[in-house]
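Visitor: I'd like a close look at one single part of this model. Could you walk me through it slowly?

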Amino acid sequence: MSAYSKETTSQNAGNFSHQWAISKPQTESHGGIVAAQHFEAAQVGADILARGGNAMDAAVATAVALSVVEPWLSGLGGGGFLLHATSDGEVDTLDFNMRAPLATDLSDYPLTGGEGGDWFNWPSVEGDRNLIGPMSIGVPGTVAGLAAGLERYGTLSWAEVTAPSVELAERGMRVDWFADLVFAVDTPGLTRTEAARALFLDPMRRKTDAKDPTVRHLAMPYKAAMLRRLADAGPQDFYTGEIAAKLISDMETAGSKLSADDLAKYSPNWASSLNAAYRDRQIHTIPGLSGGPSLLSALSTLEPIDMAQTSEAEFATYHADAIRAAYEIRLQQMGHAAAAQDCTSHVSVVDHSGNMVSLTNTLLSRFGSKIVAPSLELVMNNAMMWFDPRPGQPNSIAPGAAPLANMTPVVTTRNGKPDIAIGAAGGRQIFPALVQLLSRLIDRGDSPEAAFHAPRIDASSPLIIVNRAAPPNTASAVAAHHAVQISEDSLYPVLFAIPSMVQAGHGDAPNLGAVHPNNPWTAACSEGDRKTGNKVGQASGVGGRK
């Protein structure tokens, strides 16, 4: 593990102040690389590559592992999007996002006041039932999506790619200080139901790690049993078999409208990518109800500008203008995907042959609906949060409808070959972060490491957030056009998104991977260097200090 931090010391009137700068070097390898938000899941994917698996095998294995090691962000009870790029530049997209249950009725979400205010403020729903609890649950698509991706592009079986996650669930997720922070933040929501409280908040279930007394493990035997059942019976069991029956029984008891018919009729959708040229790259993203159209809209605004020659203050101002213009189109024509902060996982993979996957999976809010299916230890999404609760809007609640999502996985191609796979977690912050990162990588030629460590703005709301680490004149330059707030790029709350990426090597150059430096457990793990014969997975990015 090779994260490091740098301390700077200044003296003021005899008092010393200390400021820590966190750095996570990019990973370099002539083998494949997996970049993700948790080092254990990234290592699972890297190990799959080392065994001979390809990018899709590794992406699916990593996504399933994330459902165990960070169950508050994503999981089999959620949904998402992915892009797959073959080494010759063919790009496919898969929509496995959640849907509203077929029995959904708009009258189940009565408004409690207001006309909605500006575009960013929806009126509240009685009891927040669209945000939390059984009525917030949508039809989960993750299992169907991962299975479809594996069937079309993978080389390993479902049982092979999920086996590491069975072991993780039996051992238990790491409950360290960061997990305890997450549990503490969401204790009010998790105590609403006995199943969620018993799974996540009971200290008696946690066992101290024999090798590291600072870490405890929270075993999930029912989740492990569910994963073993999926390995034996196949992923369709989640939708029409034994697992489906258990899930629907649990949901009926909880008061959800999710039905057996919803599960049986669910199907992910393959489609061509939405793409556009930007400089010497082709930017591929998810069409339709995603952040993809907004990302391409913002990049089209930047296209006429020589972004390589701008100062940091000008760079931030141009991006603020472009992102706000894209959001105006998004909010007027597409609706928008919730004001609350989403909690999501993103995985970027490149294999040794140059195939790439960019995969984003989510439960939406932290711990989704806060409802756990007790017989499966499965955290369920709160997909209804993504709908506009007002009738007659572009993104209004409707039976069986797909909501407008914030997820924006991206693959870029260059000279007909995959070049970058990138994405992020962070709800409405996702596409604004990716626009800036792509601009640094493409316009300025920054390395992944340099791009990820550069301070960003967030223009996903009328108040533009400027990273305090940006040059001093950045905020004043942006403030000439928009209202501004200066904030830290903090671990919690997340204000600037949590990205991860891989980049293909060119010629004899190695593949590269980079992750968000401020999150303690993000990592880019390699299968090893095939040129030297080193097949031991190598990771960059765990730890750090501030």
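Visitor: Which helices and strands do the buried residues of helix 10 pack against?

Guide: A word on the ground rules before helix 10 itself. This is a predicted model, where local features need pLDDT of at least 70 and side-chain atom pairs count only at pLDDT 80 or more, while totals for chains, interfaces and linings use all residues. Residues are numbered from 1 along each chain as its sequence is written, and side-chain values use heavy atoms, with hydrogens and water left out.

Now your question. The buried residues of helix 10 pack against helix 8 (221–233), helix 9 (237–240) and helix 11 (260–265), plus strand 15 (372–373) and strand 16 (378–379). Helices (H or I, at least four residues) and strands (E, at least two) are DSSP runs, numbered from the N terminus. Packing here rests on contact, meaning heavy atoms within 4.5 Å.

Who does the packing? In helix 10 the buried ones are I243, A244, L247, I248, D250 and M251; buried means under 20% relative accessible area, exposed over 50%, and partly exposed in between (1.4 Å probe, protein chains only). Looking down the axis of helix 10, these buried residues fall within an arc of 160°, so they line one face of the helix. That arc is taken from the directions from the helix axis to the C-beta atoms. On the face turned away from the buried side you'll find the exposed residues E252 and T253.

The length of helix 10 (residues 242–254) checks out too: its 13 residues should span 18 Å at 1.5 Å a residue, and the end C-alpha atoms are 19 Å apart, which agrees. The expected span is 1.5 Å times one less than the number of residues. Right after helix 10 comes G255, with a positive phi near 100°.

L247 also belongs to a bigger story. Along with F238 and L378, L247 has the most contacts inside the largest nonpolar core, which has 67 residues. Such a core is a set of buried Ala, Val, Leu, Ile, Met, Phe, Trp, Tyr and Cys residues joined through side-chain atoms within 4.5 Å. The biggest share of this core, 12 residues, comes from helix 2 (residues 55–69). In soluble globular proteins, nonpolar side chains tend to be buried together.

As for L378, leaving aside residues up to four places away in sequence, L378 touches L76, G77, M226, F238, L247, I371, V372 and A373. There is a second, separate core as well, with 42 residues, including L299, I457, A470 and A514.
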